[in-house]
Amino acid sequence: MTTPGRLPEPYGQASGANLADILERVLDKGVVIAGDIRINLLDIELLTVKLRLIVASVDKAKEMGIDWWESDPALSSRARRDELARENAELRERLARLEELEPGRAPKEAP
Amino acid sequence: MTGLRYVYAVCRPFGTPLQAELTGVAGAPAGLLHHHGLVAVVSTVPEADFGEEALKAHLEDLDWLAATARAHQGVVDALTTVTTPLPLRLATVFRDDSAVRVMIEAREDHFRALLDRLDGRVEWGVKVYAEEAADEPAGSAPAAPEKPASGRDYLRQRRARGQAKEETWQRAERFAHALHERLSARAEDFRLHPPQNSALSRESGLNVLNAAYLVPRAHSEEFVELVDHTKDEEPGFRVELTGPWAAYSFTGDTGNTAGTGDGAGVADAGEEVS
């Protein structure tokens with residue numbers, strides 16, 4: 001993606017930047033000044049960016065241990081559901097493991 | 001004069017003229033508003049699109065948001081070629097020029113302090129992606145082509161997958177931390193951002209480091225080379241550099257290096273593997 005040897009000049013455009021890079025900066029960073037038109041960008045960012053796109057892969061990311069949105073109140077209910085699902089899967093696995101240890105005692109069940 | 005004033009950035013007066021055809025959001029040309037020894041870079045936007053209700057609705061439209069974000073960034077980027085701008089957050093809108101002047105007066109000390117600190121510096125974005133981790137969607141890993149014949153096989157496969165994943169994560173964490181240490185030693189400041197989601201970035205692999213480094217222009221070439229050198233160091237990981245950006249990530253009040261808390265941008269290794 002990156003051109004080797006790219007120099008600081010010219011500063012034509014931040015090359016290699018994808019939409020996420022740009023949104024990350026213009027929505028989350030930069031000097032915050034309450035203008036005359038009051039907009040809560042936090043709401044916006046949650047609804048369009050986080051919710052629409054990030055939730056789509058919440059399961060995979062969560063499995064990987066990336067869970068920064070959990071502190072996000074707007075997303076936490078979704079995150080909590082995921083947590084329950086994960087716990088459920090974990091319990092199933094532990095149960096299966098116990099069954100494996102004592103094959104005679106537990107009724108077999110397809111995983 | 002109808003319309004509202006959209007402010008992109010604040011900077012010090014600069015000699016070089018702006019690009020003649022520098023268009024900002026809504027296709028309007030960007031202009032300069034000098035006041036109290038500072039310059040606000042502004043353009044006129046229609047109230048029909050940037051009034052409160054309309055703006056809220058527009059911002060929920062990802063296409064509109066993307067176009068506006070790119071236009072905003074385009075103006076800030078053009079400024080970066082001629083000066084050190086303080087980029088404002090997207091959609092900072094005022095009624096008219098006098099409201100912009102009042103804003104400058106209210107914050108001029110803050111602006112000057114920030115401009116002093118950031119003068120001659122740019123931001124470089126560095127991201128690390130773990131390729132293997134992403135090639136392993138749960139349940140359809142190519143490494144386990146056979147359908148488990150029994151519950152026992154299923155568990156064995158699952159465990160093997162879990163272990164491989166954990167190893168990948170430990171390697172990813174080590175690599176990301178080591179790279180970050182090397183880069184931050186060459187930067188004046190850094191910020192660790194939350195990892196990006198691949199659905200939004202459309203990048204393959206899983207983002208395990210998403211950092212921004214504040215580097216003097218004069219040292220940028222070295223910094224870029226340093227990043228380039230690390231690219232092929234570790235198989236299975238992809239290092240991506242973006243920039244130079246205006247110092248978006250360094251306009252907050254916390255001026256110290258530990259500002260955003262260590263580890264915020266480095267994904268923790270999967271702890272769910274019990």
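B:Pro244 sits in strand β9 of chain B, where strands are DSSP runs of E at least two residues long and helices are DSSP runs of H or I at least four residues long, both numbered from the N terminus. A cis peptide bond, with omega about 0°, links B:Gly243 to B:Pro244. The model is a predicted one, so local features need pLDDT of at least 70 and side-chain atom pairs count only at pLDDT 80 or more, while totals for chains, interfaces and linings use all residues. As for labels, residues are numbered from 1 along each chain as its sequence is written, chains are lettered from A, and ligands are numbered from 1, in the order in which they are written.

Strand β9 belongs to an open, antiparallel sheet of 4 strands in chain B, with the order β7-β8-β6-β9. Pairing here takes at least two bridges found by DSSP between two strands. The edges are held by β7 (189-192) and β9 (237-245) of chain B, and each has a single partner strand, so one side of each has no neighbour in the sheet. From one strand to the next, the twist averages 20° (axes are lines fitted to C-alpha atoms, for helices over the stretch in contact, and angles run from 0 to 180 degrees between N-to-C directions). At the β7 edge, 4 bridges tie β7(B) to β8 (residues 206-216) of chain B, and these two run antiparallel. Across that pairing, B:Arg191 faces B:Ala212 in β8(B).

Another set of pairings gathers around β1(B). This strand is well covered, as 8 of its 8 residues are buried. Buried means that 20 or more other C-beta atoms lie within 10 Å of a residue's own; 12 or fewer makes it exposed, and anything in between partly exposed, with C-beta atoms placed from the backbone. β1(B) is joined to β3(B) by 7 bridges, in the antiparallel sense, and B:Val10 has B:Ala40 of β3(B) as its bridge partner. With β5 (residues 93-94) of chain B, β1(B) shares 2 bridges, again antiparallel; there B:Arg5 is partnered by B:Phe94. Strand β4 (residues 86-87) of chain B also pairs antiparallel with β1(B) over 2 bridges, and in this case B:Ala9 meets B:Pro87.

Two loops hold unusual backbone angles. Most residues other than glycine have a negative phi. B:Ala26, in the loop between β1 (4-11) and β2 (31-35) of chain B, has a positive phi of about 60° without being a glycine. B:Ala26 is partly exposed, with 17 other C-beta atoms within 10 Å. B:His36, in the loop between β2 and β3 (38-45) of chain B, also has a positive phi, near 50°. B:His36 counts as exposed, having 11 C-beta neighbours inside 10 Å. Over in helix α4 (residues 97-118) of chain B there is B:Arg101, which is partly exposed with 17 C-beta neighbours inside 10 Å. The C-alpha atoms of B:Arg101 and B:Val39 are 9.7 Å apart, though 62 residues separate them along the chain.

Zooming out, chain B has 8 helices and 9 strands, and 43% of its 274 residues count as buried. Domain bounds come from an automatic or database domain assignment, and they split chain B into domain 1 (4-118) and domain 2 (121-250). The C-alpha centres of these two domains of chain B are 33 Å apart. Where the domains meet, 7 residues of domain 1 of chain B are in contact with 7 residues of domain 2 of chain B, contact meaning C-beta atoms, placed from the backbone, within 7 Å. On the domain 1 side, helix α3 (residues 62-82) of chain B supplies the largest share, 3 residues.

The largest nonpolar core has 79 residues, and those touching the most other members are B:Tyr6, B:Tyr8, B:Ala9, B:Val10, B:Val41, B:Val128 and B:Tyr213. Such a core is a set of buried Ala, Val, Leu, Ile, Met, Phe, Trp, Tyr and Cys residues joined through C-beta atoms within 7 Å. The biggest contribution, 8 residues, comes from β8(B). Both domain 1 (4-118) and domain 2 (121-250) of chain B give residues to this core, so it lies between them. Leaving aside neighbours within four places in sequence, B:Val128 has contacts that include B:Phe175, B:Leu179, B:Val208 and B:Phe237.

Note on methods: Two residues are in contact if their C-beta atoms, placed from the backbone, lie within 7 Å.
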